[in-house]
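Please read the following briefing alongside the sequence and the coordinates. It takes up charged pairs, cysteines, nonpolar packing and helix geometry in turn.

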Amino acid sequence: MSANSASAAPETGKPAGSGSRIPKVPFWAQIVAGLVLGVLLGWLARSQDISWLYTTLDKVGHIFVQLLKLAVAPLVFFAILVSITNLRKVNNAARLATRTLLWFMITSLIAVAIGLAIGLITNPGSGTGLTPKDGKLPEGKGSWLDFLTGIIPDNVITPFTELNVLQIVFMAAVAGIAALQLGDKAKPILTLSEAVLELLQKALWWVIRLAPIGTIGLIGYAIADYGWDLIGKYATFTADVYIGCALVMFGVYPLLLATVAKVSPLQFFKGAWPAIQLAFVSRSSVGTMPVTQKVTERLGVPKEYASFAVPFGATTKMDGCAAIYPALAAIFIAQIFDVQLGIGDYLLIAFVSVIGSAATAGLTGATVMLTLTLSTLGLPLEGVGLLMAIDPILDMMRTATNVAGQALVPVIVSAREKILDHEAYNSASSSPVDELGTADVRDAEQKVSLPVTA
């Protein structure tokens, strides 16, 4: 045996390359560990009145959310701009965009109907011990006038500094359409935009890897600040939100996948799980958007179409925050303030949920959407203050539902339009999407074809 071959041979009984390598902990396991540790530390901080631990949990969670928000404004702008210009590569782009919007509306209507039904059955505002005096006016509120006039910004700087996502989406859409009209003259701008988008997504990946640590801070602070006693007062309402979201995510969505898209629901959740779990922790649809887009592509949706549908959905598709939650919250607040709602009010809630969902803007929380709903119904805005304390707990499940829907609709539309790569869909795994390298994405792009549909 030569010296070279001897040196290449592994040691007896030890796999090659194993050495002292530390086993890699799956990302989902890191998230779960963060949840458990956060609950324990939050309980410890509250029960033992440990002020430094309380402050630390608050700062850790706050820093994580701020890092996510730091990338939101430029990410939304360049993602929407690039996604609109990418539609030029897709056959029947207008048809795909129309079908996408239509399914957004259909699923939102189903979600708000489920929210209303659960609220009417359970009466979440009864027996809570809460009174109108417990409520307080929110710092900001939404109205239809503010919503419609607020779409157009006064200047190009303020939307980015004040993080007005709706105005950023408007400017990005205008820039994208203008770039399409300019054609070849806009190529330098498009090349730069694509490069900046790649840079932002790479930076956001680094933030996403901190999600387990952020989870400890966010969950721990919620438990330490609110405690189980306060959560107990909202037990029915909290259960309603979680049950409603679960029915939509694990009931309605699988039914649509099986009957409309004619694909395996289990395979969908297997492929989309990395985005759903990150959404649960981060409470930000926009912050989760790069992951959502990657899992959507991994589920066989053409990249050119996914790069439009997912950013569009991250700012407008909110089945959890804009459908289930405001429906239940309106019933809850009406019962606290002893206001009777009629059929017309329930129809108004459905209308607001479908038309006004863009007001949620994909950020953590759904206060603007809730105030928009309450102002439309004429309910006291002080009711928002009743729900602020419990909002972080609710927002985790709401955002997970939002993101699941944002991945669902492109799959349904692609399947209906016969552009879904069924081989990729059936082979999608639940492994973290950062294991999907650039070469894999490029290979997947080459595999996907976009035939002209009738």
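How many salt bridges does a search of the whole structure find? In this predicted model, the search finds six salt bridges. Three of the pairs are described below, followed by the cysteines, the nonpolar cores and helix α3.

**Salt bridges**

- Arg-95 pairs with Glu-417, their closest N and O atoms lying 2.7 Å apart, and this salt bridge links distant parts of the chain, since Arg-95 belongs to helix α4 (residues 93-122) whereas Glu-417 sits in the loop between α18 and α19 (422-427), 322 residues apart.
- Glu-417 also forms a salt bridge with Arg-99, with 2.8 Å between the closest N and O atoms; because Arg-99 is in helix α4 and Glu-417 in the loop between α18 and α19, the pair ties together parts that are 318 residues apart in sequence.
- Arg-95, Arg-99 and Glu-417 are thus linked in a network of salt bridges, in which Glu-417 is buried at a relative accessible area of 3%, while Arg-95 is partly exposed at 30% and Arg-99 is partly exposed at 30%.
- Within helix α18, Arg-398 and Asp-395 are three residues apart, about one turn of the helix, and they form a salt bridge whose closest N and O atoms are 2.8 Å apart; Arg-398 is buried, with a relative accessible area of 0%, and Asp-395 likewise counts as buried at 0%.

**Cysteines**

- The structure holds zero disulfides, and the sulfur of Cys-245 is 8.1 Å from the closest cysteine sulfur, that of Cys-321, which is too far for a bond.
- Cys-245 counts as buried at 0% relative accessibility, and Cys-321 counts as buried at 2%.

**Nonpolar cores**

- The largest nonpolar core has 80 residues, among which Phe-237, Phe-268, Leu-387 and Val-411 touch the most other members, and helix α18 (residues 391-416) gives the most to this core, with 13 residues.
- Leaving aside residues up to four places away in sequence, Phe-268 touches Leu-257, Leu-299, Ala-404, Ala-407, Leu-408, Val-411 and Tyr-425.
- A second, separate core of 44 residues includes Ile-31, Phe-77, Ala-79 and Ile-84.

**Helix α3**

- The 36 residues of helix α3 (residues 51-86) should span 52 Å at 1.5 Å a residue, and the distance of 51 Å between its end C-alpha atoms agrees with this.
- Helix α3 nevertheless has a kink of about 40° at Val-72, shortly before the proline Pro-74.

Methods. Residues numbered from 1 in each chain as written. Predicted model: local features only at pLDDT ≥ 70, side-chain atom pairs only at ≥ 80, totals over all residues. Heavy atoms only, no water. Helix = DSSP H or I, 4+ residues; strand = E, 2+ residues; numbered from the N terminus. Expected span 1.5 Å × (residues − 1). Bend = angle between axes of the 7 residues up to and from the residue. Core = buried A, V, L, I, M, F, W, Y, C linked by side-chain atoms within 4.5 Å. Buried < 20%, exposed > 50% of the residue type's maximum accessible area, 1.4 Å probe, protein only. Contact = heavy atoms within 4.5 Å. Disulfide = S-S within 2.5 Å. Salt bridge = Lys/Arg side-chain N within 4 Å of Asp/Glu carboxyl O.
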